[in-house]
Amino acid sequence: QGEAQGTTYTVKYIGEEKQALKASLDSLLDAVDQSMSTWVPQSSISRLNKGDSVEVDQAFKAVFLLSKEIHRETNGAFDPGIGALIEAWGFDYKNPQKMDSSKVDSLLRISALDLFTLEGDWMYKKYKGAKLNYNAIAQGYAVDAMAKVLDQAGIKNYYVELGGEVLAKGKNNKDTWWRIGIDKPSGENLERELSAIVSLENSAMVTSGNYRKYLEVDGQRYSHSLNPKTGYPVKHNLLSATIFAPTAAAADAYATACMVMGLEQARLFL
């Protein structure tokens, strides 16, 4: 177990204990933070957001290309290019700005993934104020990267969890598929109730929800999911979406997209 990306991680595996594994995982997670965390002032993403270009590593490039692909597939419902809007609304835990239609409209003009270009090892952006935010995919990417470390160590049966995002491979110590609970999205969710327990068969599972994360401004509660097309928090009654996928990065991004789409659109899309 350990701490990373403002949350905690847990890794379980079957086999002989490998002493070097924890150090490998911690250094990997630190590298992901140095690349993609908006909380780290000197990370690649923070430097890009403050400037106009930055040299990026392979992980950053992989996440950008996957983001472009899922952005296309979801018709823009998933869009890490809305960093300026996320910051202005206060969804990255900065102080929210006073938002009105003219403020939202001006931020929408600099909030789109299409404003960012990858050329070789360099990322460029069209407008200085444009900001990338990988918070809806970087955690999933980190889970996949941790799983690769376990694969390379020759471990066949394992469970990786970071901030509630999970990837499991093989069987647990009872020789059955790893069993994972999905929280019931109710009220303040102070007492954890499960809406389902599922068996993960060599796949990832990510739940995105608005039942724990929301913002209150002047007594009005806003959903934590921002609609990239309108620039406003979504206003539908979908509380959570759980996605199963081969990778946690994809599950992470699709779960976010579903929270933007709402129930009916998400059903059609899936």
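**Exercise 1. Describe the sheet and state which strands stand at its edges.**

Solution. Six strands form an open sheet in the order 1-2-6-7-10-13, with antiparallel pairing. Strands are DSSP runs of E with at least two residues, helices are runs of H or I with at least four, and both are numbered from the N terminus. Two strands pair if DSSP finds at least two bridges between them. Strand 1 (2–4) and strand 13 (240–245) each have a single partner strand, so one side of each is left without a neighbour in the sheet; these two stand at the edges. From one strand to the next, the twist averages 15 degrees.

The model is predicted: local features need pLDDT of at least 70, side-chain atom pairs count only at pLDDT 80 or more, and totals for chains, interfaces and linings use all residues. Residues are numbered from 1 along each chain as its sequence is written, and side-chain values use heavy atoms, with hydrogens and water left out.

**Exercise 2. Trace the pairing of strand 10 with strand 7 and with strand 13.**

Solution. Begin with strand 7, which runs antiparallel to strand 10 and is joined to it by three bridges. Here Val166 has Met205 of strand 10 as its bridge partner. Next, strand 10 pairs with strand 13 in the antiparallel sense over six bridges. Met205 appears again, now opposite Phe244 in strand 13. Finally, consider burial (under 20% relative accessible area is buried, over 50% exposed, in between partly exposed, with a 1.4 Å probe and protein chains only). Five of the seven residues of strand 10 are buried, so described as mostly covered.

**Exercise 3. Determine which strands helix 7 touches and how helix 6 is oriented to helix 7.**

Solution. Helix 7 (residues 248–261) packs on the sheet and touches strand 7 (165–169), strand 10 (203–209) and strand 13; contact means heavy atoms within 4.5 Å. The direction of helix 7 makes about 150 degrees with that of strand 13. Axes are lines fitted to C-alpha atoms, for helices over the stretch in contact, and angles run from 0 to 180 degrees between N-to-C directions.

Turn now to helix 6 (residues 138–152): its axis and that of helix 7 come within 7 Å and cross at roughly 160 degrees. That makes helix 6 roughly antiparallel to helix 7, a term for angles over 145 degrees (under 35 is roughly parallel, 65 to 115 roughly perpendicular, the rest oblique). In the contact, residues of helix 6 including Tyr141 and Val143 meet Ala248, Ala249 and Asp252 in helix 7.
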